[in-house]
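Please open the model in a viewer with both chains shown. The tour below moves from one selection to the next and says what is there.

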Protein chains: 2
Amino acid sequence: MSSVDVRARMNAIGVLKEKFKIILDQIQRGEKPTLVMPKRVLSNTIYDEKNKMLLLGPDVLRRSLIDVNEARKFMQTLLMASIIYEALVNNEYPTIRDLYYRGKHSIGYRDVDGKLVHENTWDEQKESDSVIRDLEVFMNVLREEMLILSKEKGKVVGNLVIKSGDDTIDLSKMGHGAYSIEPTPDLVEFKDVDAEYVLVVEKDAVFQQLHRYGFWRKYRAILVTSAGQPDRATRRFVRRLNEELKLPVYVLTDSDPYGFYIYSVFKIGSITLSYESERLATPSARFIGVSMTDVFGDEVFREVLDEVKEVGGFTKTALGKLKKKKPYLSESERRNYVIKAKQRDIERAVELVGYDVADKCVESSELRSKLKKKEGLTGYPWFRTPNWVRELCIFFKTLNKLEIEAMASKGLKFLADTYIPSKIEGGDWID
Amino acid sequence: MSSVDVRARMNAIGVLKEKFKIILDQIQRGEKPTLVMPKRVLSNTIYDEKNKMLLLGPDVLRRSLIDVNEARKFMQTLLMASIIYEALVNNEYPTIRDLYYRGKHSIGYRDVDGKLVHENTWDEQKESDSVIRDLEVFMNVLREEMLILSKEKGKVVGNLVIKSGDDTIDLSKMGHGAYSIEPTPDLVEFKDVDAEYVLVVEKDAVFQQLHRYGFWRKYRAILVTSAGQPDRATRRFVRRLNEELKLPVYVLTDSDPYGFYIYSVFKIGSITLSYESERLATPSARFIGVSMTDVFGDEVFREVLDEVKEVGGFTKTALGKLKKKKPYLSESERRNYVIKAKQRDIERAVELVGYDVADKCVESSELRSKLKKKEGLTGYPWFRTPNWVRELCIFFKTLNKLEIEAMASKGLKFLADTYIPSKIEGGDWID
């Protein structure tokens with residue numbers, strides 16, 4: 001067992017003991033055992049515009065043993081804390097699925113009429129996962145810091161030397177393979193770096209291509225892939241590269257609402273898990289593409305500028321000030337490469353930017369009336385910027401999307417030596 | 001660019017030129033340009049019992065330019081070959097998605113009535129992928145050998161030193177992370193190994209746990225995960241470990257028909273892609289668990305021995321000779337850990353072992369009559385063995401399944417130091 005793991009265990013054990021001593025103290029003082037923790041609900045989630053972060057607000061909840069409505073949750077919380085504690089002292093590395101199984105059992109008791117009743121500690125993993133999240137918030141510790149493992153998809157290569165466990169690993173010496181990021185990225189030590197930026201690629205296959213092409217060597221980049229929707233470890237790893245090594249982070253995804261969302265998970269986090277974001281998000285992450293304007297230019301947007309101008313309180317000037325954009329694709333390339341958007345793409349886009357933008361930009365009246373039922377959606381604040389309104393308006397107007405692979409099919413050289421460098425050097429990203 | 005890549009390119013270019021010279025020769029001789037290749041269909045797929053392999057049979061198909069029914073496919077094949085050729089000489093690393101985009105365009109021509117008609121080279125990736133498979137069969141070359149990349153989920157750690165690209169990589173020095181297998185595993189060179197076997201774990205999270213626990217160091221294993229359904233590169237990598245380093249391969253999956261199927265993909269391959277299996281499958285791979293008998297013992301099976309005995313031509317003796325098995329789980333552990341099988345688990349199980357076994361073992365008459373519509377399914381030959389009939393019969397009788405995580409929740413020590421070693425040392429696997 002490596003010494004970093006031993007230290008992490010000791011830390012986590014210390015925090016657990018300290019935080020749950022409260023209960024002992026309460027009992028000794030003859031008080032009702034009660035846990036007080038921040039409320040993990042949307043209404044208590046605040047978007048901090050200045051720092052571009054989701055934070056938990058000031059609302060707290062109380063969980064008491066002596067309250068019929070809260071007793072079950074109270075017991076679940078203590079059960080989970082004790083299972084995690086046991087795992088820590090026994091040198092175990094549980095997963096959240098494990099923890100679910102470890103705690104799952106029936107408790108038999110007699111109800112007020114003396115009848116024997118059985119109740120399960122929890123039925124579904126959803127329930128035990130939610131308890132783990134409560135503990136993270138209550139203790140202000142990420143589950144990874146309690147050595148709870150999970151599957152991990154993220155990979156990295158580049159001029160970066162790290163220490164993980166007892167090994168020193170040179171991430172520029174991975175051959176054609178790559179280094180799989182560990183599930184506890186806070187235990188990684190950065191030893192040496194020679195890079196100018198981090199390029200995060202949504203798709204593993206594109207990562208493979210750029211890696212094989214020698215992109216990261218040529219452009220002194222740290223190349224990372226999240227292999228789709230990023231997991232927590234990949235997000236935390238990228239955040240640490242940004243925060244500790246002061247490397248700017250650029251995110252490359254498909255040109256579709258799903259890709260935009262992946263960027264947003266790296267940058268801001270998930271709105272329902274805001275407490276994670278403080279540690280996992282990279283607020284300064286930049287979206288370099290593939291943008292809708294890279295595919296279509298922005299003429300179609302300029303046509304509707306007058307209509308869109310009042311959306312989200314923008315003035316025509318704010319939107320009109322956007323630099324004109326020429327597409328990277330010719331008319332015929334576009335014809336061969338773009339894909340029709342699916343219903344779920346359109347719905348995701350409305351979620352991101354809000355119903356009002358969709359309503360102004362969608363051309364088909366049939367689709368517009370269909371979207372009427374999404375009227376309540378106001379969009380995420382960080383997508384209500386002139387640049388993103390333009391992007392999503394073009395999406396609504398064209399109802400098309402484009403995969404990064406289409407850019408690569410113009411030649412890997414085009415993607416690696418023209419598209420990405422010109423976007424970065426030209427400052428042509430969305431912040 | 002690494003020298004192995006250059007060599008691989010030269011090889012692939014050579015094979016392409018040689019194989020397609022046939023067309024030139026045919027034209028020069030005034031013959032109709034025709035490609036002859038093995039038929040990739042189920043009826044031309046043979047299961048070689050002795051070598052435990054799926055092979056393509058002797059049937060061939062002819063694809064001729066001067067045949068209205070074949071002209072389109074003929075042109076697609078030549079188009080794809082030329083795109084791959086271009087990519088090879090231009091030092092590109094396309095993905096199959098790329099190749100789809102690169103070839104996708106409309107061809108305009110005048111039909112017999114002089115009307116201008118447009119036809120797409122291909123519409124969906126399914127179509128271009130099928131053409132790539134044709135080329136693999138026609139040239140007897142895997143797409144990876146033509147430097148066609150793909151996403152890659154497989155990871156490995158252990159006492160193994162490899163050379164990949166220009167780097168020498170010690171897979172015992174990956175810290176808490178792991179080495180991501182490259183998408184062209186044939187270009188990996190094995191330099192040094194100190195291991196007794198390969199343990200392939202279906203689930204990435206379980207791989208993480210065993211890795212962190214130091215399992216591979218303690219038991220001198222090469223630890224691999226396919227992170228779910230294995231991709232081609234992981235299968236080929238495992239096959240090479242087995243074939244070239246003479247290491248026995250053990251596969252650890254969930255105890256459910258899906259897990260059994262993952263094992264079968266490693267061992268035999270996919271019945272519809274039999275041509276790959278010759279290179280990607282590991283016929284000697286052993287299933288160490290989690291087996292149904294590990295969970296339930298085999299008493300429930302012995303109860304129905306008389307009814308099952310004639311299934312698949314087994315005698316009662318053959319089935320009765322199976323060693324008695326005691327479960328690894330107690331009654332109460334079982335109660336907390338097993339999960340109810342879903343409809344799709346049951347259907348997958350019928351696919352694997354055949355309708356007749358299901359019919360004898362399922363207890364509920366309602367379910368039995370529901371399964372009647374699967375009567376045509378005769379099962380895969382490699383699942384029609386006494387051991388697998390017992391496994392799947394127990395599945396049908398209990399309609400329960402179990403995840404590896406449930407085994408780990410008895411303690412990682414139990415999984416790592418008791419379950420896996422006792423299965424391997426005791427020879428308690430299915431071959």
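Helices and strands are named here from DSSP runs, at least four residues for a helix and at least two for a strand, and numbered from the N terminus. With that numbering, the first stop can be placed: Val290(A) sits in the loop between β15 and α10 (292-296) of chain A. The model is a predicted one.

**Stop 1: a cis peptide bond in each chain**

Select Gly289(A) and Val290(A). The peptide bond from Gly289(A) to Val290(A) is cis, and its omega is near 5 degrees. Now go to chain B and select Gly289(B) with Val290(B). The bond between these residues is also cis, with omega near 5 degrees. Val290(B) is found in the loop between β15 and α10 (292-296) of chain B.

**Stop 2: the sheet**

Select the strands of both chains. Which strands make up the open sheet, and in what order? Going across, the order is β15(A)-β14(A)-β12(A)-β13(A)-β7(A)-β10(A)-β10(B)-β7(B)-β13(B)-β12(B)-β14(B)-β15(B), twelve strands with mixed pairing. At the edges are β15 (286-289) of chain A and β15 (286-289) of chain B, each of which pairs on one side only. From one strand to the next, the twist averages 30 degrees.

Keep chain A in view and pick β12 (residues 197-201) and β13 (residues 221-225). These strands of chain A pair in the parallel sense over five bridges. Val198(A) has Ile222(A) of β13(A) opposite to it. Add helix α7 (residues 232-245) of chain A, which packs on the sheet and touches β12, β13 and β14 (249-252) of chain A. The direction of α7(A) makes about 160 degrees with that of β12(A).

In chain B, select helix α7 (residues 232-245). This helix lies across β12 (197-201), β13 (221-225) and β14 (249-252) of chain B, and runs at about 160 degrees to β12(B).

**Stop 3: where the sheet passes from chain to chain**

Select β10 (residues 178-180) in chain A and β10(B). Three bridges join the two strands, which run antiparallel. Ala178(A) stands opposite Ser180(B).

Widen the selection to everything in contact between the chains. How many residues of each chain take part? There are 47 residues of chain B in contact with 47 residues of chain A. On chain B, at least two residues each come from α3 (96-103), β9 (167-170), β10 (178-180), α5 (204-213), α14 (331-337) and α19 (404-408). The largest share, six residues, is supplied by α5(B). Sorted by class, this side of chain B holds 17 nonpolar, 16 polar and 14 charged residues.

**Stop 4: the axis**

Show both chains as C-alpha traces. A turn of 180 degrees and a shift of 0.0 Å along the axis lay chain B on chain A with an RMSD of 0.0 Å. The two copies are therefore related as by a two-fold rotation axis. Select Tyr179(B): its C-alpha is the one of chain B nearest the axis, at 2.6 Å. The same surface serves both copies, and 98% of the contact residues of chain B recur in chain A.

**Stop 5: a covered helix in chain B**

Select helix α8 (residues 257-267) of chain B. Is it mostly covered or mostly exposed? The helix is mostly covered, with nine of its eleven residues buried. Among the buried residues are Phe260(B), Ile262(B), Tyr263(B) and Phe266(B). Their cover includes β12, α7, β14, β15, α15 (343-353) and α18 (386-398) of chain B. After α8(B) comes Gly269(B), whose phi is positive, near 105 degrees.

**Stop 6: two loop residues in chain A**

Select Lys52(A), in the loop between β2 (45-48) and β3 (53-56) of chain A. Lys52(A) is not a glycine, yet its phi is positive, about 50 degrees. Lys52(A) counts as partly exposed because 18 other C-beta atoms lie within 10 Å.

Next select Asn91(A), in the loop between α2 (71-89) and α3 (96-103) of chain A. Phi of Asn91(A) is also positive, near 55 degrees. With 15 other C-beta atoms within 10 Å, Asn91(A) is partly exposed.

**Stop 7: two domains of chain A**

Colour residues 3-146 of chain A as domain 1 and 151-269 as domain 2, following the domain assignment. Their C-alpha centres lie 32 Å apart. Six residues of domain 1 are in contact with nine residues of domain 2. On the domain 1 side, three of these residues are nonpolar, none polar and three charged.

Technical notes:
Residues are numbered from 1 along each chain as its sequence is written. Chains are lettered from A and ligands numbered from 1 in the order in which they are written. This is a predicted model: local features need pLDDT of at least 70, side-chain atom pairs count only at pLDDT 80 or more; totals for chains, interfaces and linings use all residues. Two residues are in contact if their C-beta atoms, placed from the backbone, lie within 7 Å. Ala, Val, Leu, Ile, Met, Phe, Trp, Tyr, Cys and Pro count as nonpolar, Asp, Glu, Lys and Arg as charged, and the others, Gly among them, as polar. Two strands pair if DSSP finds at least two bridges between them. Axes are lines fitted to C-alpha atoms, for helices over the stretch in contact, and angles run from 0 to 180 degrees between N-to-C directions. Copies are superposed by least squares on the C-alpha atoms of residues with pLDDT of at least 70 in both. A residue is buried if 20 or more other C-beta atoms lie within 10 Å of its own, exposed if 12 or fewer, and partly exposed in between; C-beta atoms are placed from the backbone. Domain bounds come from an automatic or database domain assignment.
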